[in-house]
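Okay, thanks for coming, everyone. I've got one structure to walk you through today, so let me put it up on the screen.

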2 protein chains.
Amino acid sequence: MAATLHDVAKQAGVSIKTVSNVVNGYTNIRPETRARVQEAIDDLGYQPNLSARSLRSGKSGVIGLVLPELSLSYFAELADAVIARAATHGLVVLVEQTGADREREIAVLSSPRMRLTDGLIFSPLGMGQEDAGFLEVDYPVILLGERIFGGPTDHVTMRNVEAARAATELLLAAGRRRIAVVGAHRDETLGSAALRLEGYRQALEAAGVDYDPALVSFTTLWHRANGAASMRALLESGVGFDAVFGLNDALALGAMRVLQEKGLRIPSDVAVIGFDDIDEAQYMVPSLTTVDPGRTAIAETAVDLLVERLALGGREAPRREILVDFDVIARESTPG
Amino acid sequence: MAATLHDVAKQAGVSIKTVSNVVNGYTNIRPETRARVQEAIDDLGYQPNLSARSLRSGKSGVIGLVLPELSLSYFAELADAVIARAATHGLVVLVEQTGADREREIAVLSSPRMRLTDGLIFSPLGMGQEDAGFLEVDYPVILLGERIFGGPTDHVTMRNVEAARAATELLLAAGRRRIAVVGAHRDETLGSAALRLEGYRQALEAAGVDYDPALVSFTTLWHRANGAASMRALLESGVGFDAVFGLNDALALGAMRVLQEKGLRIPSDVAVIGFDDIDEAQYMVPSLTTVDPGRTAIAETAVDLLVERLALGGREAPRREILVDFDVIARESTPG
DNA sequence: CCCCGGCTCTACAACGATGTAACATCGAGC
DNA sequence: GCTCGATGTTACATCGTTGTAGAGCCGGGG
């Protein structure tokens, strides 16, 4: 059985409160008392019981991270950054997966399973704008993603429109005028796909290039395979293009494979740009030009905001909507 | 403030223990009492306080998963499976990253941070056989990986030697006799690289094919980039080969890119096989033949073993060494 | 009519930590 | 010599939950 304050106190011949004071670095303790207690602590290998501490203090030192699934590179890398940042605040991270399922996302918000976390970083993919009310809970939540805007909680997200516009502008600046899009979602007005497509359109308009619907291919999940399929369809349709904007990197990589299969050279025949800057993008040949949407900044900002909320201890504070900076990362798949 | 048993009891006009009994599904309660209590619970939105429950019961319902980093696809997918399996047991997972750093791995084992977990699934990369003693802790640990064998804890791992042998045999069966290896580690006797290389050698020997050291290229980290670099070195060295065994998929994919750059056809000129069956392997063109080392089985077995240990409640039980089954998954990068 | 047993329900004491208030002890100051 | 304040330490209550022991009530059997 693990030693308790009580055991240590008995061995050191002091009260448990004195041991507690030593453990917590309270200053008014005689050096010899402290030494005696410390010896007993080391001797017994005492470790504070975090459940008890948490019950007493109302804080567990654990934050929850709720995301679709770790198998998606973007979320794995996000989780990596969240965990690393949390560690610098002395917090540990409990990870829950929802499989992008709306019901499970909603369930997790009210689940007692989560009640031992002090707060949540919440990244939904299934919930939509109409579900914003579910975010109204009595613990701090930091919302990520593009599914809900203007909800009751803090929100950290990326400049989807501007970043997509910058990506498109990079292609335009290279003289490309026929820019295909891979990964659009049909009938979506919110969410990453719609916002990035909007950025694309803005860039075209600003450059005085007509928007050609034939260049936009739709798909569902943003997987490599869908990127490849979309590209095949585009090529077969006979529509001419000299550049491709993959709405995320996986799509761009899938498209890139097909282009190379068909003997098209990248970037001379077709330039390719992605979105997300997942790790493997830089290892491809040619390496993929992409947009770093600020994933690390999102993770770190989310943790920091949550830590601030926790420090408030439940007192009210205005909600914040934070947009992190993005970066266009030029690599070999675009000219120049 | 969140409602407690006490609040519910007051509202329902019963004792807190009765409420507790209702919450825990204790049977001997009059239906009308139960209904009254349930109403109060719903009314107040009562949720059990898990810290208190955990203090009282000595169990938190949280298990820890300690791994190098989630940015490595293998570990992200492992974590995905662990979390999913834990959920079926009603457990949640706290994920800690060590960065494959020996000191951090050792620290985590004795960290009070981890004391609120009931047990650990521990996947070290920095510790070695000589550190086995650190695994001797007073909570259940399930060890993963190939860094420590015969330690004091349960151990779940893959059949590295046999799986690597099977991979090599698939190439041999296709008539390939000059099989290059990408990703060996110098001076390693334990660990994935050494074990997989051993399987390779066994397969060659059984087939009566001489082992040619010139075909084995060494590297450090198992990244795409290192796979590509190794392949370039092999090609430049002028040593002839008709197949490549990447000791993991990332290496194989890196190598595959370089082969294609050089205009070599896969699999007709050079067959390629990997190891790990990461998700992207099947989306490549050509898709990568690889070995599923049983990652999902490892994750699920680890969780199940831990659950069994937890059920023992500290009672002794013999340690178990579990080897999961592997599968060779033939895809387009090998003939046939 | 009384006792026994089963069903409901309750009171109380834990689990291990910490905040509060208060109690010794000591030296300094008047 | 007595008070005062600072210092060092302690007793106690408390966080919210659950296990244990047992109390009250009812009906059935002797």
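I'll go through the DNA surfaces, then a pair of helices, then a sheet.

One thing up front: this is a predicted model, so keep that in mind as we go.

Let's start with DNA strand D. Which residues sit closest to it? Well, 25 residues surround that strand, and the closest are A:Ser15, A:Thr33, B:Leu5, B:Asn49 and B:Ala52. If you look at the elements giving two or more residues to that surface, you'll find α2 (16-23) and α4 (50-57) from chain A, plus α1 (5-12), α2 (16-23) and α4 (50-57) from chain B. Of those, α4(B) gives the most, with five residues. In terms of chemistry, we've got nine nonpolar, ten polar and six charged residues near strand D.

Now over to DNA strand C. Here 24 residues surround the strand, and the closest ones are A:Leu5, A:Asn49, A:Ala52, B:Thr18 and B:Thr33. Helices α2 and α4 of chain A, along with α2 and α4 of chain B, each put at least two residues on this surface. And which helix has the largest share? That's α4(A), with five residues. By class, the surface near strand C comes out as nine nonpolar, nine polar and six charged.

Right, leaving the DNA, let's go further along chain B. Helix α9, residues 224-237, and helix α10, residues 249-261, have axes that come within 6 Å and cross at roughly 45°. So that makes α9(B) oblique to α10(B). The crossing is right-handed. As for who's touching whom, the α9(B) side includes B:Arg224, B:Ala228 and B:Met231, and the α10(B) side includes B:Leu251, B:Arg257 and B:Val258. Taken together, the residues of this contact split into ten nonpolar, four polar and three charged.

Last stop, the sheet. It's an open one in chain B, four strands in the order β7-β6-β8-β9, with parallel pairing. The edges are β7 (216-218) and β9 (271-273), each of them pairing on one side only. On average, neighbouring strands are turned by 15° against each other, ignoring direction. Zooming in, β6(B), residues 179-184, is joined to β7(B) by three bridges, and the two run parallel. If you want a spot to click on, B:Val182 stands opposite B:Ser217 in β7(B).

And here's our helix again: α10(B) packs on this sheet, touching β6, β8 (243-246) and β9 of chain B. The direction of α10(B) makes about 145° with that of β8(B).

Okay, that's me done. Questions?

Terms used:
Residues numbered from 1 in each chain as written. Chains lettered and ligands numbered in written order. Predicted model: local features only at pLDDT ≥ 70, side-chain atom pairs only at ≥ 80, totals over all residues. Near = placed C-beta within 6 Å. Nonpolar A, V, L, I, M, F, W, Y, C, P; charged D, E, K, R; others polar. Axes fitted to C-alpha atoms, helices over the stretch in contact; angles between N-to-C directions. Parallel < 35°, antiparallel > 145°, perpendicular 65-115°, else oblique. Left-handed = near helix turned anticlockwise from the far one by under 90°. Contact = placed C-beta atoms within 7 Å. Pairing = 2+ DSSP bridges.
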